[in-house]
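Subject: Structure handover

Hello,

Here is the structure I said I would pass on. My notes on what was found in it follow below.

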Amino acid sequence: MQRPGISGIGCAVPEKRLTNEELSKLVDTSDEWITTRTGIQERRVLGPDEDPAWLGVAAAKQAIKAAGLKPKDIDALITATNVSEMLIPGSSPFICEGLKIEKEIPFFDLIAGCTGFVYAAKVAADMVAAESYENVLVVGLEALSRFINWKDRATCVLFGDGAGAAVIRPMPDGRGVLASSLAADSSKWDLLRIEAGGIKHPASHKTVDGDMHYLVMEGGGVFKSAVTMMEVTTEKCLAQAGLTKEDVDWIVPHQANMRIITALAKRMDFPMEKVIVNVDRYANTSTASIPIALTEAVADGRIQPGQVIVITAFGAGVTYGAMVLRW
Ligand code: ACO
C-alpha cells in the first residue's frame, strides 16, 4: 500500500519587510528586546491594498508544480487559516478560483489555531488513505497583520503574513506519513483570542471602541503550554511510528518564537542543528509557518527524499499536534 505523503511543497510571502528597527519607531520597543526575547529580526506584511488570497494561490501553484501536477489534477482543497478572506465564504473559494482548477472540487476552511497546517495535513492524508481523493491540496494562509493592534508592543512584534501549501497524495517507496497525533485542551481557550467579529460579539461601535477586533495573548501561558504540548505530541507520534528521536533527521516546529523552539529542543534533548528555523526572517506566520520552513529546507537541499521529518505545532484553542513523515 502506498502511504499518503507530501509530494510537493511551496510558499509565498509579501514583498514588504518590516524590520525591528522600523517597528521600534511605531511602538516602545527595540531591536535588542525583540531579538533576545523572540529571535525575530523582521517579518513580512501585506500592504493595505494587497489581497491575502494571492499569497495562498502563489504558494499552491508552486506546490502543485513541485508535485509534477497541474491545477486540474487537484481533487480537494483544505485551507488552514485563522482569519479568512471573508467570514463567509472563508478563503478556499478564492484560492480555488485563483488556481483556475477548471472543475468542481470540494473545498473548506479549517480553523485550528497555529496547528492548522498539521490538522489539515492529517485530514488530507486520511482522505487520500481512504482512497476518496487522490490529490489533496492543503494551504496554510495567514494575514494576522490585519488583526494586530499596532499599538500593542506585546503582540505586534511577534507576527508576520505568509502562505505555504502542500500537495498530499500517495507516495512510492515507503515514503509518506508514518504517524500523526492531534490533540487539544479547551480549558486554555483564552490564551490567544480575537474576541469580536464572530457570533458572540458581532462588530459594533462597542467592539471597535473596545479594541475587541485585535489579537490578544497571554504570552507567558502560551510559552509554557507551547513547549510542553509540542514535546508531548512529538514523543507520542514518534512512539506510534516505532521510532526514536535518534531516527529523526529534521524537526520542523511551528515558528512561533526562537525561545520556544530552543526550549523544545532542550526538553527533548534534540540537537538544534537538526531543527529547521526561519522565525528570524518571517516571525510567526501561524498556519503558514511550517510549510514555509519546509519549502525553504527542501529548496536548499537540507531535506532529502527518504529522511525522517517531524512537524509539530501548537496554537489557539488550544490545539497541538505532530506528524512524522518519511520525506
Ligand atoms: N518591547 C519591549 N518591551 C516589551 C515588549 C516589547 N515588544 N513586549 C513586552 N515588553 C515588556 C513588558 O511590558 C514587560 O515590562 P514590565 O516588566 O515593565 O512590565 C517586560 O517586557 C517583560 O514582559 P514579559 O511578558 O514578562 O516578557 P517575556 O520575557 O515573557 O517575553 C514574550 C514576552 C516574548 C511574548 C514571551 O512571553 C513569549 O515568547 N511568549 C510566547 C508568545 C508567542 O510566541 N506567541 C505566539 C503566538 S502563539 C502560537 O503561535 C501558538
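A term first: helices and strands here are DSSP runs, a helix having at least four residues and a strand at least two, and both are numbered from the N terminus. Please keep in mind that this is a predicted model.

Overall

The protein chain contains 11 helices and 13 strands. Its C-alpha atoms fill a box of roughly 55 × 50 × 35 Å along the principal axes. The radius of gyration is 19 Å, which agrees with the value near 20 Å for a compact globule of 327 residues.

The five-stranded sheet

One open sheet has five strands in the order β1-β7-β6-β4-β5, and its pairing is mixed. At the edges are β1 (4-12) and β5 (107-110), each of which pairs on one side only. Neighbouring strands in this sheet are turned by 20° against each other on average, direction ignored. Inside the sheet, β4 (residues 76-80) and β6 (residues 136-142) run parallel and are joined by five bridges. Ala80 stands opposite Gly140 of β6. Helix α11 (residues 289-299) lies across β1 and β7 (162-170), and runs at about 95° to β1.

The four-stranded sheet

Another open sheet has four strands, ordered β8-β13-β12-β11, again with mixed pairing. The edge strands β8 (176-184) and β11 each have a single partner strand, so one side of each is left without a neighbour in the sheet. Here the average turn between neighbouring strands is 10°, direction ignored. The pairing of β8 with β13 (residues 319-326) is antiparallel and extends over eight bridges. Ser181 has Ala322 in β13 as its bridge partner. Helix α8 (residues 219-240) lies across three strands of the sheet, β8, β12 (308-315) and β13. Relative to β12, helix α8 runs at about 145°.

The largest pocket

The largest pocket has a volume of about 930 Å³. There are 31 residues in its lining, and those closest to the pocket centre are Asn82, Val83, Ile111, Ile194 and Ala196. Which strand gives the most to this lining? It is β9 (residues 192-194), with three residues. By class, the pocket lining has 15 nonpolar, 11 polar and five charged residues.

The cavity

How many cavities of 30 Å³ or more does the structure hold? There is one, and the volume of the largest cavity is about 40 Å³. Its lining is made up of Ile251, Pro253, Ile261, Leu264, Ala265 and Val275. Two elements give two or more residues each to that lining, namely β11 (250-253) and α9 (258-268). The largest share, three residues, comes from α9. By class, the six lining residues are nonpolar, with no polar and no charged residues present. Strand β11 therefore appears twice in these notes, as an edge strand of the four-stranded sheet and as a contributor to the cavity lining.

If you go through the model yourself, the two sheets are a convenient place to start, followed by the pocket and the cavity.

Regards

How values were computed:
Residues are numbered from 1 along each chain as its sequence is written. This is a predicted model: local features need pLDDT of at least 70, side-chain atom pairs count only at pLDDT 80 or more; totals for chains, interfaces and linings use all residues. Side-chain values use heavy atoms; hydrogens and water are left out. On a 1 Å grid over the protein atoms alone, a cavity is a set of points where a 1.4 Å probe fits but cannot get out, and a pocket is an open set with protein on both sides within 12 Å along at least five of seven lines; lining residues have an atom within 4 Å of a point. Grid points are joined across faces, edges and corners, and a volume is the space filled by probe spheres set on the points. Ala, Val, Leu, Ile, Met, Phe, Trp, Tyr, Cys and Pro count as nonpolar, Asp, Glu, Lys and Arg as charged, and the others, Gly among them, as polar. Two strands pair if DSSP finds at least two bridges between them. Axes are lines fitted to C-alpha atoms, for helices over the stretch in contact, and angles run from 0 to 180 degrees between N-to-C directions. Contact means heavy atoms within 4.5 Å. The radius of gyration is taken over C-alpha atoms; the globule rule is 2.2 Å times the number of residues to the power 0.38.
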